[in-house]
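Let's take a walk through this model together. Keep the sequence and the 3D view side by side as you read.

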Amino acid sequence: MRCGSCSSTRATRVTTLPQAIVTVTLVTALLPHMSRAVIEQRISDLRADLSRALRVSGVVIVPAAFAFLAFGPRIARLLFAHGTTDVAAVLPLGHMLQAFGLGLIPFSAQYLFLRGFYAFDDTRTPFHLSLWISGTNIALATACHLLLPPRWAVTGMAAAYALSYGIGLILTVLRLRRRTQGLLDGRRICRTYGKLTAAAALAGAAGWLVAAGCTNGLAAHFRAPILSLAAGGLTMALLFVLLARLLRIGELRAVPGVR
């Protein structure tokens with residue numbers, strides 16, 4: 001359990017890095033503006049701020065989530081398979097990165113939507129929502145511990161964490177819609193995330209194929225893990241940008257260096 005807890009901590013730190021850089025930065029900048037909008041009864045402006053922040057952050061969060069899904073074991077091997085740790089020992093950690101990676105999307109979205117309650121000076125609702133999320137996570141993690149083989153129990157717990165935040169996101173949206181009198185830009189958000197998911201899934205699949213091909217072709221090279229991950233990651237990034245442009249995802253222009 002100690003080893004599993006250590007692996008879980010490592011995987012969580014790695015997968016939440018995009019959220020810490022992108023979503024937290026956006027929220028820090030927008031929260032004062034959202035609070036003023038609530039004070040001045042401009043609820044439509046609050047809705048617009050939340051919608052734009054969620055859509056812009058999704059341009060980074062969604063492909064990052066699919067990158068962890070595509071390259072989780074390779075990332076774990078590159079970061080942690082050194083010294084006395086062999087490749088087989090970090091494979092469960094790679095699977096945890098994949099499970100945590102998909103949870104990055106609801107985790108980031110729920111984190112942002114909670115700031116809508118803070119703009120109303122409401123800290124009680126986020127506390128109650130956190131209780132629901134924690135309770136769901138504990139129940140699912142306990143089920144994984146009891147029902148899954150030891151080899152997959154920790155990975156299952158990571159998936160339970162992701163699922164609990166998915167459920168928490170649904171509860172948060174329902175409560176926030178009630179608080180804002182239904183003024184959430186749901187259709188636009190869903191349309192953007194649908195396009196982002198399609199682009200990231202296709203790009204991630206292509207990146208995985210390229211990385212696998214490089215691994216087979218460079219099996220004897222001591223830098224094979226780095227080269228295969230770099231080739232796969234670059235393929236995914238370029239293809240995602242191309243597909244996002246073809247799908248006319250306007251939020252892509254908000255990312256520095258992309259036009």
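The paragraphs below move from a bent helix to some backbone angles, then to a cavity and two buried side chains.

Please keep in mind that this is a predicted model. A good place to begin is helix H3, which covers residues 23-39. Its 17 residues should span 24 Å at 1.5 Å a residue, and the C-alpha atoms at its ends are indeed 24 Å apart, so expectation and model agree. Even so, H3 bends by about 40° at leucine 30. If you look along the chain from that point, you will meet proline 32, a proline that follows within four residues of the bend. The buried residues of H3 include Thr23 and Val27, and Met34, Ala37 and Val38 are buried as well. As a reminder for reading such a list, residues three or four places apart on an α-helix point the same way, because the helix has 3.6 residues a turn.

Just after H3, pause at glutamine 41, where phi is positive, at about 60°. It helps to recall that most residues other than glycine have a negative phi. Aspartate 121 is another place to stop: this residue is not a glycine, yet its phi is positive and near 60°. You will find aspartate 121 in the loop that runs between helix H5 (87-119) and helix H6 (124-147). Is aspartate 121 buried or exposed? Its relative accessible area is 70%, and because the cut-off for exposed is over 50%, aspartate 121 counts as exposed.

Farther along the chain, arginine 248 also has a positive phi of about 60° without being a glycine. Arginine 248 belongs to the segment after helix H9 (224-246). With a relative accessibility of 74%, arginine 248 is exposed. Try placing lysine 195 in the same view: 53 residues separate it from arginine 248 in sequence, while their C-alpha atoms are 8.7 Å apart in space.

Now let's turn to the interior. How many cavities of 30 Å³ or more does the structure hold? There is 1, and the largest cavity has a volume of about 50 Å³. Its lining is made up of Thr12, Thr15, Thr16, Phe100, Gly103, Leu104, Phe107 and Tyr161. Helix H1 (2-15) and H5 are the elements that give two or more residues to this lining, and H5 provides the largest share, with 4 residues. By character, the lining of the largest cavity divides into 4 nonpolar and 4 polar residues, with no charged ones.

Two buried residues round off the tour. Threonine 136 sits in helix H6, and at 19% relative accessibility it counts as buried, because the cut-off is under 20%. Setting aside neighbours within four places in sequence, threonine 136 makes contact with Ser164 and Ile167.

Arginine 55 is part of helix H4, residues 43-80. Its relative accessibility is 4%, so arginine 55 is buried too. Which residues does arginine 55 touch, not counting those up to four places away in sequence? Arg188, Ile189, Thr192, Tyr193, Leu196 and Glu251 are its partners. To finish, you might set the two arginines side by side: arginine 55 is buried, whereas arginine 248 is exposed.

Terms used:
Residues are numbered from 1 along each chain as its sequence is written. This is a predicted model: local features need pLDDT of at least 70, side-chain atom pairs count only at pLDDT 80 or more; totals for chains, interfaces and linings use all residues. Side-chain values use heavy atoms; hydrogens and water are left out. The expected span of a helix is 1.5 Å times one less than its number of residues. The bend at a residue is the angle between axes fitted to the seven residues ending there and the seven starting there. Buried means under 20% relative accessible area, exposed over 50%, partly exposed in between (1.4 Å probe, protein chains only). On a 1 Å grid over the protein atoms alone, a cavity is a set of points where a 1.4 Å probe fits but cannot get out, and a pocket is an open set with protein on both sides within 12 Å along at least five of seven lines; lining residues have an atom within 4 Å of a point. Grid points are joined across faces, edges and corners, and a volume is the space filled by probe spheres set on the points. Ala, Val, Leu, Ile, Met, Phe, Trp, Tyr, Cys and Pro count as nonpolar, Asp, Glu, Lys and Arg as charged, and the others, Gly among them, as polar. Contact means heavy atoms within 4.5 Å.
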